[in-house]
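Dear colleague,

Please find below the sequence and the structure that I am handing over to you. My findings on its helix packing and its core follow.

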Amino acid sequence: LFIYFIYKIYTGLRTCARAEQGGGTFVAGGGWFDEVVCGLMLGDGTIRKNGKFALLGIQQTHEELVETIWAMCSCLKLVHAPILEINRSNWKTIYSFQTLTLPYFTELFNVWYTIEGKRFKKLPSSINTLLSPRALAFWIMGDGSFDRSTGRLQLHSNWFTLHEVKTLQSILLEKYNISSYLKPSANSDPNRGYIIRIPKKEVQKVQTMCLRYMCPSLYYKLGI
């Protein structure tokens, strides 16, 4: 337990140092942590209301990723409770935590969700700025995959409309010169459910951009 505690402190300091070296500070409405949240929200991250304000919920099977996000939140004083381990028989362990309920997350809730009878994710108006190399790395770690048989990188964007997914494609192309194509995925909502596929010839560009932000245990999602 003592060794784990020391490891958590080390991870937190290392993570915050990396973030500062990346040229960002924590600013509601801008900054490096908004980019992290962007990457998580493009995947299966969730922000939910809890009374007047909102909180960020993290639930993943990748332990190092959850520990990294938790350390960032701890550094920024956004979390008090430790990571929970949810053990499931014959299934991977889930690592989960939620942040404090804060006005900052309420602001993020309002820009990432729309209510149309039910709650849906939407792209914020600042997505072109938010989709940085750091954001792309967290999107890949949280909800990306690498197909070794084809050398393709896949970004799962099931929560967004076709128009929104095409917007993400355009940003990747115009901002980073990364071309891609779309594949529909099985989804009960006919207006959503698309995967962005980055072909083998483009993957090295993504590796160069994102590797510095990736957890070592998840390098395989970049084909490394």
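In this predicted model, helix α2 (residues 32–42) crosses α4 with a right-handed sense. The two axes lie 12 Å apart and form an angle of about 45°, α4 spanning residues 103–112. Because an angle from 35 to 65 degrees falls outside the parallel and perpendicular ranges, α2 and α4 are oblique to each other. From α2, the residues in this contact are F33, D34, V37, C38, M41 and L42, and they meet Y104, F105, L108 and W112 of α4. In terms of class, 9 of the contact residues are nonpolar and 1 is charged, with no polar residue present.

Helix α2 also packs against helix α6 (residues 133–143), where the axes come within 7 Å and cross at roughly 35°. This crossing, too, is right-handed. On the α2 side the contact involves W32, E35, V36, C38, G39, L40 and L42; on the α6 side, R134, A135, F138 and W139. This contact comprises 8 nonpolar, 1 polar and 2 charged residues.

As for the interior, the largest nonpolar core contains 62 residues, and F33, L42, I47 and W112 have the most contacts inside it. Helix α2 supplies the largest share of this core, with 8 residues. Beyond its neighbours within four places in sequence, I47 touches V37 and M41, as well as A54, L55, L56, F105, L108, F109, Y113 and R119.

With kind regards

Conventions. Residues numbered from 1 in each chain as written. Predicted model: local features only at pLDDT ≥ 70, side-chain atom pairs only at ≥ 80, totals over all residues. Heavy atoms only, no water. Core = buried A, V, L, I, M, F, W, Y, C linked by side-chain atoms within 4.5 Å. Buried < 20%, exposed > 50% of the residue type's maximum accessible area, 1.4 Å probe, protein only. Helix = DSSP H or I, 4+ residues; strand = E, 2+ residues; numbered from the N terminus. Contact = heavy atoms within 4.5 Å. Axes fitted to C-alpha atoms, helices over the stretch in contact; angles between N-to-C directions. Parallel < 35°, antiparallel > 145°, perpendicular 65-115°, else oblique. Left-handed = near helix turned anticlockwise from the far one by under 90°. Nonpolar A, V, L, I, M, F, W, Y, C, P; charged D, E, K, R; others polar.
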